[in-house]
Amino acid sequence: MLKPEEKKDLQKIALQLRYDLVEMIGIGAAGHLGGSCSLAETIALLYFHKMNFSADRLKDPNRDRLVLSKGHAALIQYAALCEARCFPREELKRVKTLGGLLQGHPDMSIPGLEAVTGSLGQGLSISLGIALALRLNKSPARVYTIMGDGEQSEGQLWEAAMAVANFKLDNLTAFIDYNQVQATGPTKDVFNIPELDKKWSAFGWNVINAKGHDVENILEAVEKAETLKGKPSVIILETIKGKGFSFAEGNPAYHNGTFTEETYKQALKELDAVKAGL
Amino acid sequence: MEKQSLRKAYGDALVELGKQNSDIVVLEADLGKSTMSYVFKESFPDRYFEMGIAEQNMASTSAGLALTGKIPFYSTFAVFAAGRAYDQIRCSIAIPKANVRICGSSCGLSDFGDGKTHQSVEDGNIIKTLPHMIVLNPCDAVEVKKMMGFLVSYQGPAYIRINRNDLPVFTSPDGEFQLGKIYPITEGGDAVIFATGVMVSKSAEAAELLKKDGIGVQVVNVSSLKPLLKEELLKYTAGKKAIITAEEAVKIGGLGAGIASLLIGEVNLPFEQVGINDEFGTSAHGYEELLEKYGISTNHIYNAVKKALGK
């Protein structure tokens with residue numbers, strides 16, 4: 001359970017991460033706004049409440065790990081790592097530029113990142129390896145893996161799903177960002193994957209549903225996952241792609257979209273309105 | 001000459017090294033009895049992970065283990081190890097320089113009966129193109145053991161090709177394997193054969209035949225396909241009248257091509273490549289039949305040397 005002030009703090013952080021997204025993408029350049037926004041609350045909760053994580057202990061063997069399998073949402077993770085002081089704020093402005101620290105997709109040269117991801121379907125497998133090593137080491141640390149719903153069409157992911165269940169790794173918690181929109185359109189139209197919950201359940205996982213923009217509800221799901229032993233858990237996050245920006249919500253154009261001067265100003269205005277209410 | 005199994009050497013080395021280093025873990029994709037990795041399971045069941053027939057997951061899982069301080073060795077047939085999981089090797093392993101050791105077993109045409117789907121004439125060539133990867137191609141069982149010792153302490157991702165068949169022992173158990181170093185096998189002043197893997201023993205046989213014709217050939221074992229170092233090659237081209245390369249792989253992107261690109265402009269000598277043309281393998285009752293069919297037998301090396309020397 002979150003105390004009221006903790007809840008408010010996390011909401012403020014999620015808001016700040018969205019401000020950072022707008023700053024990183026800027027006017028006229030493209031960035032993965034949609035799939036980043038759908039994760040703002042989850043990322044805020046994990047880095048700033050749930051995980052044993054801190055910028056001065058990035059190599060601590062008992063740190064909790066977060067692997068962003070849907071690597072195109074790197075911007076939201078960069079915003080969080082910046083907020084956690086893993087690198088200076090100036091780097092946000094240099095994202096995706098030649099010589100900048102922050103690459104277009106997660107790279108291990110960036111402090112705080114645990115894996116190279118972006119080629120979809122690999123993150124759960126990498127997390128499986130981390131979880132096996134942590135278990136061998138009798139470490140209390142946990143691994144959190146965030147996948148996309150579009151990513152569910154990658155075959156390797158199901159190899160990993162079977163293997164994680166086979167090894168009964170309950171130190172691994174997976175998330176599916178169920179925002180129902182992928183690069184070229186609504187997931188149900190592009191490549192429909194019905195009954196995700198039943199698929200994961202059939203592969204030997206505990207399936208937990210959560211409201212992905214409600215930090216309290218996400219935390220409840222995560223805590224439930226951690227109490228269920230002998231099996232891995234997957235949390236299906238019901239989210240809205242582009243959440244927080246009226247023009248981007250559910251809009252495939254903002255999977256990797258560009259701000260015009262007008263939408264940029266509008267974005268900041270909408271964030272300011274949320275800020276005023278917090 | 002005594003023949004020994006390279007696969008057995010791989011399995012035995014895993015067990016031996018596993019006793020000394022508890023960070024070593026082994027992964028396999030249901031081929032442990034062929035690759036001989038299963039012997040590690042018998043000694044260290046907690047550190048052996050049967051990943052099922054799922055090579056892509058095995059590659060990325062190995063990366064996760066390596067990124068958490070383990071030293072994973074994973075093995076399967078070379079064709080699946082290198083080809084099926086190419087992007088996983090690239091993104092999960094090579095880019096972050098994860099300490100994963102990949103064993104491509106039954107490489108080349110050495111799985112002679114199983115045919116083109118199971119024979120890998122391109123695995124080393126593919127992996128060589130990935131930045132950060134090193135590629136080792138041992139010529140005998142003794143070299144496998146030495147390379148395995150090296151691989152435990154090496155920092156970075158690595159690929160090792162293992163022949164399915166027993167091969168003559170040419171190398172000495174003395175000393176340690178040094179990355180990028182190439183090793184003379186025979187002495188001879190007329191021509192040099194840069195050979196790798198099974199072609200080292202074939203080249204030595206060819207050198208014996210050539211000796212009877214009065215031609216002296218120096219066979220050199222190039223067991224680091226990558227890094228391939230120009231200065232190492234130049235040690236053996238000095239004073240020679242011809243260069244021959246010999247490999248059990250397609251010529252495109254292979255050892256001969258690599259040597260040619262390093263020596264162009266440095267050495268102006270007749271140059272012959274013994275390797276597989278732009279073709280897949282096929283089934284046969286015996287390994288030697290395939291080496292003959294694909295132009296990489298002892299006789300082909302013998303002829304290539306004569307051609308290069310204009311004799």
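Here is a short conversation about the pockets, cavities, domains and backbone of this predicted model.

Biologist: Happy to have a guide! Let's begin with chain B: how many helices and strands does it have?
Modeller: Glad to help. Chain B is a chain of 311 residues, of which 62% count as buried. Its secondary structure consists of 13 helices and 14 strands.

Biologist: What radius of gyration does chain B have, set against that of a compact globule?
Modeller: The C-alpha trace of chain B spans about 60 × 40 × 35 Å along its principal axes. For 311 residues, a compact globule would have a radius of gyration near 19 Å. The value for chain B agrees with this, at 19 Å.

Biologist: What share of the contacts in chain B with a separation of 6 or more comes from residues 24 or more positions apart?
Modeller: Here we count the contacts in chain B with a separation of 6 or more. Residues 24 or more positions apart account for a share of 79%.

Biologist: How many residues does each domain of chain B bring to the contact between them?
Modeller: The domain assignment gives domain 1 (3–168) and domain 2 (183–308). Their centres, taken over C-alpha atoms, are separated by 25 Å. The contact takes 31 residues from domain 1 of chain B and, from domain 2 of chain B, 34 residues.

Biologist: Now for enclosed space. Which residues lie nearest the centre of the largest cavity?
Modeller: The structure holds 3 cavities of 30 Å³ or more, and about 70 Å³ of space lies in the largest cavity. Its lining divides into 3 nonpolar, 6 polar and 4 charged residues. Of the 13 lining residues, those nearest the centre are B:Asn125, B:Arg161, B:Leu225, B:Glu247 and B:Ala249.

Biologist: Which elements of chain B each supply at least two residues of that lining?
Modeller: At the level of domains, the lining of the largest cavity draws at least three residues from each of domain 1 (3–168) and domain 2 (183–308) of chain B. At the level of helices and strands, the elements that each supply at least two residues are α7 (123–128) and β13 (242–250) of chain B.

Biologist: And where does the second largest cavity lie?
Modeller: About 40 Å³ of space lies in the second largest cavity. Its lining includes B:Cys107, B:Arg161 and B:Glu248, and the lining residues divide into 5 nonpolar, 3 polar and 2 charged. Both domains of chain B give residues to this lining, so the cavity lies between domain 1 (3–168) and domain 2 (183–308).

Biologist: On to the open sites. Which residues lie nearest the centre of the largest pocket?
Modeller: The largest pocket has a volume of about 290 Å³. Its lining divides into 7 nonpolar, 5 polar and 5 charged residues. Elements that each supply at least two of them include α9 (196–202) and β7 (206–211) of chain A. Among the 17 lining residues, the nearest to the centre are A:Asp149, A:Tyr178, A:Gln180, A:Ile193 and A:Leu196.

Biologist: Which element gives the largest share of the lining of the second largest pocket?
Modeller: The second largest pocket has a volume of about 200 Å³. Of the 13 residues that line it, the closest to its centre include A:Gln11 and A:Val274. Two elements of chain A, α1 (4–25) and α11 (261–277), give two or more residues to the lining. The largest share, 4 residues, comes from α1(A).

Biologist: Let's look at the backbone. Is A:Arg85 buried or exposed?
Modeller: Most residues other than glycine have a negative phi. A:Arg85 has a positive phi, near 65°, and sits in the loop between α4 (74–83) and α5 (90–93) of chain A. Its relative accessibility is 72%, so A:Arg85 counts as exposed.

Biologist: What about B:Ser106: buried or exposed?
Modeller: B:Ser106 also has a positive phi, near 50°. B:Ser106 is found in the loop between β5 (101–105) and α7 of chain B. With a relative accessibility of 0%, B:Ser106 counts as buried.

Biologist: One last thing: which residues does a cis peptide bond join?
Modeller: Most peptide bonds are trans. In this model, a bond with omega of about 5° is cis. Its proline is found in the loop between β12 (224–226) and α10 (230–237) of chain B. The residues joined are B:Lys226 and B:Pro227.

Terms used:
Residues are numbered from 1 along each chain as its sequence is written. Chains are lettered from A and ligands numbered from 1 in the order in which they are written. This is a predicted model: local features need pLDDT of at least 70, side-chain atom pairs count only at pLDDT 80 or more; totals for chains, interfaces and linings use all residues. Side-chain values use heavy atoms; hydrogens and water are left out. On a 1 Å grid over the protein atoms alone, a cavity is a set of points where a 1.4 Å probe fits but cannot get out, and a pocket is an open set with protein on both sides within 12 Å along at least five of seven lines; lining residues have an atom within 4 Å of a point. Grid points are joined across faces, edges and corners, and a volume is the space filled by probe spheres set on the points. Ala, Val, Leu, Ile, Met, Phe, Trp, Tyr, Cys and Pro count as nonpolar, Asp, Glu, Lys and Arg as charged, and the others, Gly among them, as polar. Domain bounds come from an automatic or database domain assignment. The radius of gyration is taken over C-alpha atoms; the globule rule is 2.2 Å times the number of residues to the power 0.38. Buried means under 20% relative accessible area, exposed over 50%, partly exposed in between (1.4 Å probe, protein chains only). Contact means heavy atoms within 4.5 Å.
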